[in-house]
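The exercises below ask you to read a protein chain alongside its coordinates. Work through each task before turning to the solution that follows.

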Amino acid sequence: MRFLMMVKHGENPGVPPKALMEAMDKLVEGEVKSGSMISTGGLAPTAQSTRVRVAKGKLTVTDGPFTEAKEIIGGFAIFNLKSKEEAVEKTRIFMELHREHWPEFEGETEIRQIFGPEEFATHEDFAKHLEVLSTKAS
């Protein structure tokens, strides 16, 4: 099962302490070596972002910063794990590093399971859709 962990915090949380970055480097290194971490990274501030939106039949493109953003996704990790419980435990360890090494940090990590074609293969409508796509690709 794949999971996406999204780290959310205020727009400008400050520079992470060196001790936190070192602890996270060790954690990431171990997760990559074990094969459970697929990818991880931080995201640029909203000032460097662009949103593409569809609303009421109209497409709009808006460059950041976005003044209404009280909380942003500042980073992410993608894992391949056995269960949601394992994802929660990995996330708890990650957030514990923040609590320990950056006590003034305020944020949260949202865990979402990633569904791909293999998870939907048993759903009859989706299986038919995949069959149509593969026929068109041939």
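**Exercise 1: the nonpolar cores**

The largest nonpolar core has 9 residues, namely Val7, Leu20, Ala23, Met24, Phe94, Met95, Leu97, Trp102 and Phe105. A nonpolar core is here a set of buried Ala, Val, Leu, Ile, Met, Phe, Trp, Tyr and Cys residues joined through side-chain atoms within 4.5 Å, where buried means under 20% relative accessible area, exposed over 50%, and partly exposed in between, with a 1.4 Å probe and protein chains only. The model is a predicted one, in which local features need pLDDT of at least 70 and side-chain atom pairs count only at pLDDT 80 or more, while totals for chains, interfaces and linings use all residues. Residues are numbered from 1 along each chain as its sequence is written, and side-chain values use heavy atoms, with hydrogens and water left out.

Task: find which helices each supply at least two residues of this core, and list what Leu20 touches beyond four places in sequence.

Solution. Step 1: the helices are helix 1 (18–34) and helix 2 (84–101), each of which supplies at least two residues of the largest core; helices (H or I, at least four residues) and strands (E, at least two) are DSSP runs, numbered from the N terminus. Step 2: not counting residues up to four places away in sequence, Leu20 touches Leu97, His98, His101 and Trp102, a contact meaning heavy atoms within 4.5 Å. Step 3: apart from this core lies another one, of 7 residues, including Met5, Met37, Ala77 and Leu81.

**Exercise 2: the largest pocket**

Task: describe the volume of the largest pocket, and determine which element gives the largest share of its lining.

Solution. Step 1: the volume is about 650 Å³. On a 1 Å grid over the protein atoms alone, a cavity is a set of points where a 1.4 Å probe fits but cannot get out, whereas a pocket is an open set with protein on both sides within 12 Å along at least five of seven lines, and lining residues have an atom within 4 Å of a point. Grid points are joined across faces, edges and corners, and a volume is the space filled by probe spheres set on the points. Step 2: the largest pocket is lined by 36 residues, of which Val7, Met24, Gly75, Phe94 and His98 lie nearest its centre. Step 3: at least two lining residues come from each of strand 1 (2–9), helix 1, strand 2 (37–42), strand 5 (72–80) and helix 2, and helix 1 gives the largest share, 7 residues. Step 4: by type, the lining divides into 21 nonpolar, 11 polar and 4 charged residues, with Ala, Val, Leu, Ile, Met, Phe, Trp, Tyr, Cys and Pro counted as nonpolar, Asp, Glu, Lys and Arg as charged, and the others, Gly among them, as polar.

**Exercise 3: two residues of strand 1**

Task: decide whether Lys8 is buried or exposed, and do likewise for His9.

Solution. Step 1: Lys8 is found in strand 1 and has a relative accessible area of 15%, so Lys8 is buried. Step 2: the side chains of Lys8 and Glu110 are joined by a polar contact of 2.4 Å, that is, a pair of N or O atoms within 3.5 Å, of which, within protein, one must be able to donate a hydrogen and the other to accept it, residues adjacent in sequence counting only if both atoms are side-chain atoms. Step 3: His9 is also placed in strand 1, and its relative accessibility is 12%, so His9 counts as buried. Step 4: beyond four places in sequence, the contacts of His9 include Lys70, Phe105 and Gly107.

**Exercise 4: backbone details in the loops**

Task: which peptide bond is cis, and which residue has a positive phi although it is not a glycine?

Solution. Step 1: the bond from Gly64 to Pro65 is cis, with omega near 5 degrees, and Pro65 is found in the loop between strand 4 (58–63) and strand 5. Step 2: Lys56 has the positive phi, about 50 degrees; Lys56 is found in the loop between strand 3 (50–55) and strand 4 and, at 89% relative accessibility, counts as exposed.
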